Amino acid sequence: MAKIAIGIDIGGTGIKGALVDVSSGELLSSRVRIETPEGGRPNDIAEVLKVLISQIPGATQDLPVGICFPAVVQHGVTMSAANVSPEWIGLDADSLFTKSLDRPVHVINDPDAAGVAEVKFGAARKRKGLIILTTLGTGIGTAILNNRELVPNSELGHIEI
C-alpha cells in the first residue's frame, strides 16, 4: 500500500501543494497553487497553508506534511530567508507548522528535497559520484550529493534581482 503525504513547496512568489505517493514520488492529486503572501511572514504563510491544504483533493487530517522551504534548514529550524521575511531566521518552522496545521510536519531546504527526490526517483537514481542539482524558481537553488548522499544546505550562492 502506498504511503501518502501532503507535499508543499513554499516559494518567494507562490506556494504549491499536492498529495504525494512517497514510495513512488508520483503526485496523487492535482497541484494547487496560492500566491505567497506579501512580505512572506511566518504566520501569514501558516494561514495560507491551511487554505491550500483544504483545497487539495483527498488531503485528510491524518496525513503528514512535508514542506520544502527557501532557506538553510537545520532540524526543522530555518536559519536563513531567501525571498521571504527575515522573521524566518532562527525560527522553529517544524513546530510553527505542526501547531498551526495540527498534524506532523517536517521542513527541509527546497533544493535538498529535489536532490533527494532525484536520487530516489529520477535521473540520479543509479548514479554514483558527485551530483549537483539546480532548481530554478523565484531564485536559483542547488543541492550537492556525493555517492547518493546529500550534503545538506549546500546552496552555492544567492543572487538578488
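In which sense do β4 and β8 pair, and over how many bridges? The legends below take up this pairing and its surroundings in a predicted model.

**View 1. The five-stranded sheet and its β4–β8 pairing.**
β4 and β8 run parallel to each other, joined over five bridges. Within this pairing, Phe69 has Asn109 of β8 as its bridge partner. Helix α1 packs on the sheet and touches β1, β2, β3 and β4. The direction of α1 makes about 150° with that of β3. Helix α3 also packs on the sheet, where it touches β1, β4 and β8. Its direction makes about 95° with that of β8.

**View 2. Strand order and edges of the five-stranded sheet.**
The sheet is open, and its five strands follow the order β3-β2-β1-β4-β8. Pairing is mixed. β3 and β8 stand at the edges with a single partner strand each, so one side of each has no neighbour in the sheet. On average, neighbouring strands here are turned by 20° against each other, direction ignored.

**View 3. Strand β2 between β1 and β3.**
How much of strand β2 is buried? Eight of the eight residues in β2 (residues 14-21) are buried, so the strand is largely enclosed by the rest of the structure. β2 pairs with β1 in the antiparallel sense, over seven bridges. The two strands form a hairpin, with three residues between them. Ile8 stands opposite Gly17 in β2. β2 also pairs with β3 (residues 32-35), again in the antiparallel sense, over four bridges. In β3, Val32 is the bridge partner of Gly17. Gly17 thus appears in both pairings, opposite Ile8 and with Val32 as bridge partner.

**View 4. The buried face of helix α2.**
Helix α2 spans residues 93-101. Its buried residues are Ala93, Asp94, Leu96, Phe97 and Leu101. Why do they line one face of the helix? Seen down the axis of α2, the buried residues fall within an arc of 165°, so they share one face. As a general point, an α-helix has 3.6 residues a turn, so residues three or four places apart point the same way. The cover over the buried residues of α2 includes two helix and strand elements from early in the list, β1 (4-10) and α1 (42-55). It also includes β4 (65-69), β6 (77-78), β7 (91-92) and β8 (105-109).

**View 5. The two ends of helix α2.**
Asp92 caps the N-terminal end of α2. One of its side-chain oxygens lies 3.4 Å from the backbone nitrogen of Asp94. Asp94 is itself among the buried residues of the helix. Just after α2, Asp102 takes a positive phi of about 55°.

**View 6. The aromatic cluster of Phe69, Trp88 and Phe97.**
A search of the whole structure finds two aromatic pairs. In the pair of Phe69 and Trp88, the ring centres are 4.4 Å apart and the planes stand at 45°, so the pair is tilted. Phe69 lies in strand β4 and Trp88 in the loop between β6 and β7, so the pair ties together parts 19 residues apart in sequence. Both of these residues are buried. Trp88 and Phe97 form a tilted pair as well, at 5.8 Å centre to centre with 40° between the planes. Phe69, Trp88 and Phe97 form one aromatic cluster. Is the cluster's Trp88 buried or exposed? Trp88 has a relative accessible area of 0%, and is buried. Phe97, one of the buried residues of α2, likewise has 0% relative accessibility.

**View 7. The three-stranded sheet and helix α3.**
A second view of strand pairing shows an open sheet of three strands in the order β9-β10-β11, with antiparallel pairing. Which strands stand at its edges? β9 (130-136) and β11 (149-151) do, each with a single partner strand, so one side of each is left without a neighbour in the sheet. Neighbouring strands are turned by 30° against each other on average, direction ignored. β10 (residues 140-146) pairs with β11 over three bridges, in the antiparallel sense. Asn146 stands opposite Glu149 in β11. Helix α3 (residues 110-121) lies across β9, β10 and β11. It runs at about 45° to β10.

Methods:
Residues are numbered from 1 along each chain as its sequence is written. This is a predicted model: local features need pLDDT of at least 70, side-chain atom pairs count only at pLDDT 80 or more; totals for chains, interfaces and linings use all residues. Side-chain values use heavy atoms; hydrogens and water are left out. Two strands pair if DSSP finds at least two bridges between them. Axes are lines fitted to C-alpha atoms, for helices over the stretch in contact, and angles run from 0 to 180 degrees between N-to-C directions. Contact means heavy atoms within 4.5 Å. Buried means under 20% relative accessible area, exposed over 50%, partly exposed in between (1.4 Å probe, protein chains only). The arc is that of the directions from the helix axis to the C-beta atoms. A polar contact is a pair of N or O atoms within 3.5 Å; within protein, one must be able to donate a hydrogen and the other to accept it, and residues adjacent in sequence count only if both atoms are side-chain atoms. Rings of Phe, Tyr and Trp (its six-membered ring) pair if their centres lie within 6.5 Å; planes under 30 degrees apart count as stacked, over 60 as edge-to-face and the rest as tilted.
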